[in-house]
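Subject: Structure handover and notes

Dear colleague,

I am passing on the structure we spoke about, together with notes on what was found in it. Please read the notes beside the model itself.

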Amino acid sequence: MIWHQQDVKSVLAELDVPIDGLRSEEAGKRLAKFGRNEIEEKGRRSAVSMFLDQFRDFMILVLIAAAAVSGFVGEAADTVAILVIVLLNAAIGFVQEYRAERAMEALKRMAAPAARVLRDGKVSAVPGAEIVPGDLVLLEAGAIVPADMRLVEAVQLKVEEAALTGESVPVEKHTRALREELLALGDRSNMVFKGTVVTSGRGTGAVVGTGMGTELGRIASMLQEDGEVKTPLQKRLTVFGKKLAVAVLFICAFIFGVGLLRGEAPVLMFLTAVSLAVAAIPEALPAVITISLALGARRMVEQNALIRKLPAVEALGSVTYICSDKTGTLTWNRMAVEALWAEGTLFRSGDPAVKRFDRLMKALALSNDALPYASGDVGGDPTEVALCRVAGEHGYAKAELEREHPRVAEIPFDSERKCMTTIHRWPGGFMAFTKGGVDVMIEKAVDMLAADRIAPLDAAEVGRVNDRLADEGLRVLAVACRFWDEIPAELTPESVEKGLTFLGLVGMLDPPREEVREAVSLCKSAGIRPVMITGDHPLTARSIARRIGIIDDGGTVMTCRDLEKISMDVFEDRVEDIRVYARMIPEQKLKIVKALQDRGQSVAMTGDGVNDAPALKRADIGIAMGITGTDVSKEVSHMILLDDNFATIVKAVRQGRMIYDNIRKFIKYLLTTNSGEIWTLFLAPLLGLPIPLQPIQILWVNLVTDSLPALALALEPAEDDVMARPPRPPSESVFAHGLGHHVIWVGILMAAIVLTVQVVCLQSRNTHWQTMVFTVVALTQLGHVLAIRSERRSLFTQGLLSNKALLGAVVLSFLLQMAIIYVPFLNGVFFTAPLTVGELLAAVLASSGVFLAVECEKMVKRRHR
């Protein structure tokens, strides 16, 4: 049954409801049949289950294995360090998942605890959970609607539906049947929905849906059906972890076997292979990524973006589409007068010439229910506030005019006649001001004011101007007046609202935020496609989208009906080209997200209402509104905009790209240094050389020289072109753009330098050869980290002080390496000996080869670009 298309009589007949309500026995039967009026929740995971699930990630399992091996060979410090990293990672993941589970609790909190229901011929309070289809529920101001209902009575009834539809203006309700079958929730004006709030008036509704059969229940079902999508980084690290584990096991087994064939001691070769395995696994990677994401999240809070799920920080950098609500995000969420037409001339609202239309300005200020504040501003209905403000901006202050022309009578607005009238004391009598829909006002007016004289009404001209303003996406109101010698004896619309003098037209719009056009332009230059999704009229949506640069004059706007008519396959073929969606319903937002993801796109979706929650959860990045957002939308989101501003999303994307760049840099650093160690230990036996490093030396390089500089890379500032390049494809490998090649060739270069030093020292019978090799391994890595701070810019251009934390980490690592060489009691622990000045200088000189080679690589890249 499509309830909004049925008249009241048909609804009551279909529900089999007598005029005095259900009998208690019948209500009991229906409760047994349809179930309780509650949001049902599928089996929840326990907190213990959630926590244990954090250890199922392949990379985490590899790290746990590395910790076990470290403990087995007696490296307790390494074991503790790895386990701390793993537990920290698990704790963060657990907290984020536990928060997400609270979305259903937030939905349940929207339910009405009790309602006034007509049963057995009398009104009684019934618990909200026991309301059944067919119940007649009485509604009044302040009541939470307990179920989905078709209205059978509505007296000046207005309902705040922002939680469901996202539109902040209360909706006027009526009981008339609606013709169209497919209507957005906000357009079903003869129905009210569970969880919404009555703001004024009164009414009675026949319950047509309870529990999971309500619009709120359908949203709850969608929330529980769709799982969250892994971020691009999470997917990449899973693949990376598996490949790395296989490669490390193969190489370590090979080194162990070759060592045995050469006659090396089995225990030494086993310890060497195990130490190399631990060194090759970048156990600092999860910690560095977590720290990097946490630092990024802290920076984003300062820019009004609150991150709820850490992986979202990096995922923002992969976004290819940003699907944004219009109201409050792209616009200010407040109505403003854009244009006025009076005496045959069209003016923009800021034009000083508007001031001369005295009667029109007074009408806007006086025939108005906005409330003046002591501060000079006004509050109330958004339309009324907009009219009052434009009058005030031109010197017609409501408070002063009301003292001069007090209101003595009124005929309130009615959705059927589409206008309102107020009567004010006036010199010589009384002035009635009427404002309402243009078509209605043309019928009620007989003439018009033109240059302080009365002229015949030119209805055709008024119609043309109305069409022009409507084409610009403006909501248009007409204003008229009539002078009375005394207050009309009969205050009815039929007697008062006739024979009017037409004063003019007023066009209003929720204006776009000033900074949004620049943010949209920045999105486009960064290869990100902004998309507007709104419940507003298509003309309004097109107008705003054109103003802020989302579409040009020929851009396509798809409506709710257009989308409903086409199959998913056809929609997926077109989805990448559509920039504006109007009159959308919740399921369609989810459909848009899925279609884009099926095309391989990474989608950020904004939302504030309960209706947005399924799409927010499904999106790669769900972005809730901090000011207007509901608890449900915030609970399922990855990020909350504290200022509800689209421009903040673009700032967050910039941060996300910078963070991913830095993650790539420390992956490049860790893998290249590990690659250098592996090549060194792999090639030495093949060349007939002794094992270059002791197991403890391998672990030292891994624990100190690798980790400290890698952590400091998280603080690297953004590259200059971070928002001038397209987003990386979601399927792109972490080794893309030459990272894999860099890891291999620089690793081989490191090994070549180290082995050359070893050969030269052995040939010259230098007894310090192993200390020399150990020092060169450590220093090549420090030179390498300085060189990879930027993909293309030279360190000499960047300057050492542009990342003081990294400079400090390099200096500290160097000093610790010197301590191992020159502090006597450490010599025995690390199998080192003090180097002469010449030997140390030779080691430093040999180590600088890697730095110089990577700087040359960047120079080639710059020239090639």
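Before the surface is described, one term is needed: helices are DSSP runs of H or I with at least four residues, numbered from the N terminus. Please also keep in mind throughout that this is a predicted model.

With that naming in place, the largest share of the nonpolar patch, 3 residues, comes from helix H32, which covers residues 804-822. The patch itself has an area of about 310 Å² and is made by Val811, Phe814, Leu815 and Val844. Val811 has its place in helix H32, and because its relative accessibility is 43%, between the 20% and 50% limits, Val811 counts as partly exposed.

As for the overall picture, the protein chain has 865 residues, of which 56% are buried, and its secondary structure comes to 34 helices and 26 strands. Taken along the principal axes, the C-alpha atoms fill a box of roughly 120 × 70 × 50 Å.

Turning to the interior, a search of the whole structure finds 3 cavities of 30 Å³ or more, and I describe here the second largest cavity, which holds about 60 Å³ of space. Its lining consists of Thr673, Gly676, Glu677, Thr680, Leu693, Met750, Val754, Val777, Thr780 and Gln781. By residue class, the lining of this second largest cavity divides into 4 nonpolar, 5 polar and 1 charged. Three helices, namely H26 (646-686), H29 (739-763) and H30 (769-787), each supply at least two residues of that lining, and the largest share, 4 residues, comes from H26.

Another part of the chain that you may wish to look at is helix H27 (residues 695-705), where 9 of the 11 residues are buried, so that the helix is largely enclosed by the rest of the structure. The buried residues in H27 are Pro695, Gln697, Ile698, Leu699, Trp700, Val701, Asn702, Val704 and Thr705.

A lysine further along the chain also deserves a look. Lys858 is found in helix H34 (residues 837-864), and because its relative accessibility is 2%, under the 20% limit, Lys858 counts as buried. The C-alpha atoms of Lys858 and Arg792 are separated by 4.8 Å, although these two residues are 66 residues apart along the chain.

On charged pairs, side chains of opposite charge can pair when their charged atoms come close. The structure holds 34 salt bridges, and the following are among them.

- The side chains of Arg23 and Asp20 meet in a salt bridge with an N to O distance of 2.9 Å. Arg23 is partly exposed, with a relative accessible area of 36%, and Asp20 is also partly exposed, with a relative accessible area of 27%.
- Arg348 forms a salt bridge with Glu472, in which the closest N and O atoms are 3.3 Å apart. This pair links distant parts of the chain, 124 residues apart, since Arg348 lies in strand S11 (residues 345-348) and Glu472 in the loop between helix H17 (459-471) and strand S19 (475-484). Arg348 is partly exposed, with a relative accessible area of 37%.
- Lys444 forms a salt bridge with Glu497, in which the closest N and O atoms are 3.7 Å apart. Here too the pair links distant parts of the chain, with Lys444 in helix H16 (residues 438-444) and Glu497 in the loop between helix H18 (493-496) and strand S20 (500-509), 53 residues apart. Both Lys444 and Glu497 are buried.
- Arg664, Lys668, Glu791 and Lys861 are linked in a network of salt bridges.

Finally, there are two backbone angles to check when you go through the model. Gln156, which is not a glycine, has a positive phi of about 45°, and this residue lies in strand S4 (residues 148-160). Asn304, likewise not a glycine, has a positive phi of about 70° and is found in the loop between helix H11 (284-302) and strand S8 (305-307). With a relative accessible area of 32%, Asn304 is partly exposed.

With best regards

Conventions: Residues are numbered from 1 along each chain as its sequence is written. This is a predicted model: local features need pLDDT of at least 70, side-chain atom pairs count only at pLDDT 80 or more; totals for chains, interfaces and linings use all residues. Side-chain values use heavy atoms; hydrogens and water are left out. On a 1 Å grid over the protein atoms alone, a cavity is a set of points where a 1.4 Å probe fits but cannot get out, and a pocket is an open set with protein on both sides within 12 Å along at least five of seven lines; lining residues have an atom within 4 Å of a point. Grid points are joined across faces, edges and corners, and a volume is the space filled by probe spheres set on the points. Ala, Val, Leu, Ile, Met, Phe, Trp, Tyr, Cys and Pro count as nonpolar, Asp, Glu, Lys and Arg as charged, and the others, Gly among them, as polar. Patches are made of residues with over 30% relative accessible area and no salt bridge: like charges are joined within 9 Å, nonpolar side chains (Val, Leu, Ile, Met, Phe, Trp, Tyr) within 5 Å. Accessible areas come from the Shrake-Rupley method with a 1.4 Å probe; for residues, only the protein chains shown count as cover. A salt bridge is a side-chain nitrogen of Lys or Arg within 4 Å of a carboxyl oxygen of Asp or Glu. Buried means under 20% relative accessible area, exposed over 50%, partly exposed in between (1.4 Å probe, protein chains only).
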